[in-house]
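Visitor: I would like to go through this structure by asking what justifies each label attached to it. Could you set each value against its criterion as we go?

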Amino acid sequence: MQYDVVIGLEVHAELKTNTKCFCACKNQAGSEPNTNCCPVCVGLPGALPILNKFAVEQTIRAGLALGFDINRTAIFERKNYFYPDLAKAYQISQLVKPICVHGSLRVGDKVIPIHRIHLEEDAGKLVHGADGNTLIDYNRGGVPLIELVTEALQEPHIESAEEAIAFLEKLRQIYIYAGVSDCLIEKGQMRADVNVSLKPKGSSTYGTKVEMKNIMGFKSVYRAIKYEIERQRDILDDGGVIEQETRKWDDDKGENFTLRTKENSQDYRYFPDPDLLAVEISDAEVERIKKSMPILPDELKARYMNEFGLSEYDADVLLQFKHVSDFFNECVAEYNQPKNVCNWLTTEIMARIKTETGAGPILISKQNLLWLIKNVDDKKINRLNAKEVLSKVWGTNLNSEAVAKQNNWIIDIDNGALDGIVKKVVDSNPNVVAQFKAEADPKILNYLVGQVMKEVRGKASAADVMAKIKELLG
Ligand SMILES: [Zn+2]
């Protein structure tokens, strides 16, 4: 039987703030365990939460970046459940009146509707030791977290693992550019819950959904969705019934298993937190945040393509990492040759910074890189040698110009001398010339160019040499 796949996403992202959501402890990943803690965030009785205004502002910023309506009154509620990483046995979250409602995100040709974004606190972290003991680090407890929930039961919705990943990647890019979260996936700063259901092709009745929580990494999300679609298809094809439940994705085994049958929001006994007043958000506040919004990827992409004449592919490569597009913007502000700068960034620089989990820092200064680009453009150094300079300067304190001079790579050969060398090489290779004249294939001339470059020890522009050879041969 043919099925339609319906996928819903709940995406958690840790907000970029100095302090936690309801206390003044540092919001800082990588600290010694249990050093960023106080009576509020470890849930000691009687400790009172104070809302971090900037966390609300960041949530509004995330909402505005995705076209959300901002509720003028938002309420914090207690979501009651027990787990060792949640010391007070409830999480401060939002159910009835979240900060952001009704947004959307464009993925390819589809505009995926998003139900809501709410602000809540993160839980601590359980660290399972090799000795079988489990330790708890409460540093993460109380860190501000936004949860985004897509509208799975509306058209259009996410229909494949590929679309889900495209959605997550775009969302991550927008959060990073908006400055609301660093979204470092390996540090758990962005996590996704996925729900999957199948319905007979074309049917308007939705099937029973199965949820998989806290999947780390987009590759795992992709595999988990693929697996779950197949699992449900097999059950339905055999005439079985899908149980509404939460399943745990085991990335090592490449399969999932039942964690618990699905709980409802009633099970959490949500009620307004009596320690926190409703949050009133004024029009003026929303306007102020709107004006402070940084430029977002879609807008930058349009500028790269329309103003700078870059291809869509190049624009996408530059925008993939914010520090790369920032660097590009700075370079172009100083040297208005966007296409040339882009070529260097998308090839040489990209090749050096790409790592397994994303991108590392750019280890050459703007001045050093621009010196290379300008001097290649001005034919003062050939491209091959410029790449050599880049390799030597990368990650060091060396200076491009000094390295080029030291290696005798600055092109200072005068035109007359170069003409002489070109003539000498052409005269001493009559066979190549004859072959070129017979076949008229310019590729044959590359050999002569190589010979000239050898003679001048790379201190000429290959394009110039080629032009001179062609001129000489008519
Ligand atoms: Zn605290």
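Guide: Let us begin with Asn382, bearing in mind that the model is a predicted one.

Visitor: Why does Asn382 count as buried?

Guide: Asn382 has a relative accessibility of 8%, and the term buried applies under 20%, so Asn382 counts as buried. Asn382 is found in the loop between helix H9 (366-377) and helix H10 (383-393).

Visitor: Which residues does Asn382 touch, not counting those up to four places away in sequence?

Guide: With that exclusion, Asn382 touches Ile411, Met453, Gly458, Ala460 and Ser461. In addition, a polar atom of the Asn382 side chain lies 2.8 Å from the backbone nitrogen of Asn385.

Visitor: Why does Lys379 count as partly exposed?

Guide: Lys379 is also placed in the loop between H9 and H10, but its relative accessibility is 40%. Because partly exposed covers the range between under 20% and over 50%, Lys379 counts as partly exposed. Lys379 also has a positive phi of about 60 degrees, although it is not a glycine.

Visitor: What is said of the phi of Asn34, and where is the place of Asn34?

Guide: Asn34, not a glycine either, has a positive phi of about 55 degrees, and its place is in the loop between S1 and H1. With a relative accessible area of 38%, Asn34 is partly exposed.

Visitor: What makes the arrangement around the zinc ion tetrahedral?

Guide: The 4 donor atoms subtend angles of 99 to 116 degrees, and four donors count as tetrahedral if all angles lie between 85 and 135 degrees, so the arrangement is called tetrahedral. For reference, the ideal angle for four tetrahedral donors is 109.5 degrees.

Visitor: How do you know which residues are the protein donors of the zinc ion?

Guide: The SG atoms of Cys23, Cys25, Cys38 and Cys41 lie 2.3 to 2.4 Å from the zinc ion, and because a donor must be an N, O or S atom within 2.8 Å of this metal, these sulfur atoms qualify as its donors. Along the chain they follow the spacing C-x1-C-x12-C-x2-C. Cys23 and Cys25 are buried, and Cys41 is buried too, with a relative accessible area of 9%.

Visitor: How many disulfides does a search of the whole structure find?

Guide: The search of the whole structure finds 0 disulfides. Cys342 is in no disulfide, and its nearest cysteine sulfur, that of Cys331, is 11 Å away, whereas a disulfide would need the pair of sulfur atoms within 2.5 Å. At 0% relative accessibility, Cys342 counts as buried.

Visitor: Why does Asp4 count as buried?

Guide: Asp4, which lies in strand S1 (residues 3-14), has a relative accessibility of 14%, and since the term requires a value under 20%, Asp4 counts as buried.

Visitor: What joins the side chains of Asp4 and Lys201?

Guide: They are joined by a polar contact of 3.4 Å, a value that falls within the 3.5 Å limit for such a pair of N or O atoms. The side chain of Asp4 also reaches the backbone nitrogen of Gly202 at 2.8 Å. Leaving aside neighbours within four places in sequence, the contacts of Asp4 include Ser197, Leu198 and Ser203.

Visitor: Why is Gln58 called buried?

Guide: Gln58 has a relative accessible area of 2%, and as buried means under 20%, Gln58 is therefore buried. Gln58 lies in helix H1 (residues 53-65), and its side chain reaches the backbone oxygen of Lys16 at 2.9 Å.

Visitor: Why does Tyr304 count as buried?

Guide: At 0% relative accessibility, Tyr304 satisfies the requirement of under 20%, and so counts as buried. Tyr304 lies in helix H5 (residues 297-306), and a polar contact of 2.7 Å joins its side chain to that of Asn329. Among the residues that Tyr304 touches, not counting those up to four places away in sequence, are Leu310, Leu318 and Phe328.

Visitor: What does the domain assignment of the chain give?

Guide: The assignment gives domain 1 (3-289), domain 2 (304-353) and domain 3 (415-472). The C-alpha centres of domain 1 and domain 3 lie 64 Å apart.

Methods
Residues are numbered from 1 along each chain as its sequence is written. This is a predicted model: local features need pLDDT of at least 70, side-chain atom pairs count only at pLDDT 80 or more; totals for chains, interfaces and linings use all residues. Side-chain values use heavy atoms; hydrogens and water are left out. Donors are N, O and S atoms within 2.8 Å of the metal (3.2 Å for Na, K and Ca); water is not among the atoms, so sites may look incomplete. Four donors count as tetrahedral if all angles lie between 85 and 135 degrees; four count as square planar and six as octahedral if opposite donors are over 155 degrees apart and all others between 65 and 115; anything else is irregular. Buried means under 20% relative accessible area, exposed over 50%, partly exposed in between (1.4 Å probe, protein chains only). Domain bounds come from an automatic or database domain assignment. Helices (H or I, at least four residues) and strands (E, at least two) are DSSP runs, numbered from the N terminus. A polar contact is a pair of N or O atoms within 3.5 Å; within protein, one must be able to donate a hydrogen and the other to accept it, and residues adjacent in sequence count only if both atoms are side-chain atoms. Contact means heavy atoms within 4.5 Å.
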